[in-house]
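Let's walk through one strand and its neighbours, then turn to a pair of helices. Have the structure open as you read.

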Amino acid sequence: MKYLVTGGAGFIGSNYLHYVVNEYPDDQFVCLDALTYAGNFNNLLPIINKNNFKFVKGDIADEKFINDLFDKEKFDIVINFAAESHVDNSIKNPGIFVQTNVVGTRVLLDASKNHNIKRYHQVSTDEVYGDLPLDRKDLLFKETTPINPSSPYSASKASADHLVMAYNRTFDLPTTISRCSNNYGPYQFPEKLIPVVISKALKNEKIPVYGKGENIRDWIHVHDHNVGVDIIVRNGRDGHVYNLGGHSERTNLEVVKTILKQMQKSENLIEFVTDRPGHDLRYAIDSTKVEKQLDWDRTYNFEDGIKETVDWYLDNQEWIDNIKSGEYKKAYKL
Ligand SMILES: NC(=O)c1ccc[n+]([C@@H]2O[C@H](COP(=O)([O-])OP(=O)(O)OC[C@H]3O[C@@H](n4cnc5c(N)ncnc54)[C@H](O)[C@@H]3O)[C@@H](O)[C@H]2O)c1
């Protein structure tokens, strides 16, 4: 089988490729990535010389480029990780979120339809469901929960999901969608909570926490997410949506304190800052469907996973320094 994996130079996509390129030596994996500010070619160095891996630089929303690539490569499977992914950026500049997350998905869907792709998989997010109240621990997002996004980011991801479902229904394109909770692990761009906390704590800098840090996220290790994506792509039912969650709800403040404790740093580094507009209160995922139907489960608990993650960032400080200095942009040469 030949796979197109878009957004594979980002956090989750690169971890996915590290896993599948080694796990399935008889399959071919082509990574397509525009190398935006969030794309880091260094993330692909562990697999760059593998015979079953190839990198192509390009934009998923560039229709001619995408059609030429599909003509040439004759993919069997398409997995779309590519996205603008940072909620704060979507509040400042929603346009690029619509362009990549909505238009880009539409371009990939048309190319998949016109090239008789065997499976199109959309990597989506629990944020499409909106949020849950803090005081109703009994409520969880199910696949049947109405779509109700709050930010331009989640609205663009929700639009993409609707397009995927429409192409399945209207054109019989074989599709699946996974909606996952907050990921943590190696190679996460240092704009997101966990790498921000680690890199600031290392330098004894103040750590900004929105509002009172009460917002709750369900944390999942990126490897568990990617094993779920792989299982859904291989065995998921055509036209179905699957939720993936970590069973690890924590407030943002709890996450920050856990990391500081592990790094033996003072909680005095925490600085509460003005809350994000429209900040979702709580996300919590019910993954029963994928557990029961496809036999997926997590291998990490949050405490062990976060310890391993902190150790990875401490062992790979050059990776973060390269991003901070802009040096990482020189890693890809034509
Ligand atoms: N990070 C999370 O916690 C999380 C949780 C659930 C779902 N997701 C989804 O998973 C996917 C990957 O998220 P991530 O955290 O790895 O994001 P990321 O920002 O780290 O990576 C995104 C990648 O997409 C690439 N990209 C952006 N625009 C592109 C374009 N127009 N054409 C080609 N490539 C482009 C970037 O260069 C980057 O390599 C996204 O679709 C996101 O919505 C993320």
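A residue counts as buried here if 20 or more other C-beta atoms lie within 10 Å of its own. Keep in mind that this is a predicted model. With that cut-off in hand, look at strand β9, residues 216-221: 6 of its 6 residues are buried, so by the definition each has at least that many neighbours.

It's worth splitting that strand by face. In a regular strand the side chains alternate between the two faces of the sheet. On one side of β9 you'll find Ile216, Asp218 and Ile220, and on the other Arg217, Trp219 and His221; both faces are covered.

Now for the strands that β9 pairs with. Strand β7 (residues 182-184) runs parallel to β9, and 3 bridges hold the pairing. To find the spot, look for asparagine 183, whose bridge partner in β9 is isoleucine 220. Strand β11 (residues 249-251) also shares 3 bridges with β9, but this pair is antiparallel. Here isoleucine 216 sits opposite threonine 251 of β11.

Next, the helices. Helix α6 (residues 193-202) and helix α8 (residues 252-262) have axes that come within 10 Å and cross at roughly 40°. Because of that angle, α6 is oblique to α8. The crossing is right-handed. From α6, the contact is made by Leu193, Ile194, Val197, Ile198 and Ala201, while α8 brings Asn252, Val255, Val256, Ile259 and Leu260. Sorted by class, that contact of α6 with α8 comes to 9 nonpolar residues, 1 polar and no charged ones.

Definitions and conventions
Residues are numbered from 1 along each chain as its sequence is written. This is a predicted model: local features need pLDDT of at least 70, side-chain atom pairs count only at pLDDT 80 or more; totals for chains, interfaces and linings use all residues. A residue is buried if 20 or more other C-beta atoms lie within 10 Å of its own, exposed if 12 or fewer, and partly exposed in between; C-beta atoms are placed from the backbone. Helices (H or I, at least four residues) and strands (E, at least two) are DSSP runs, numbered from the N terminus. Two strands pair if DSSP finds at least two bridges between them. Axes are lines fitted to C-alpha atoms, for helices over the stretch in contact, and angles run from 0 to 180 degrees between N-to-C directions. Angles under 35 degrees count as roughly parallel, over 145 as roughly antiparallel, 65 to 115 as roughly perpendicular and the rest as oblique. A crossing is left-handed if the near helix is turned anticlockwise from the far one by less than a right angle, and right-handed if clockwise. Two residues are in contact if their C-beta atoms, placed from the backbone, lie within 7 Å. Ala, Val, Leu, Ile, Met, Phe, Trp, Tyr, Cys and Pro count as nonpolar, Asp, Glu, Lys and Arg as charged, and the others, Gly among them, as polar.
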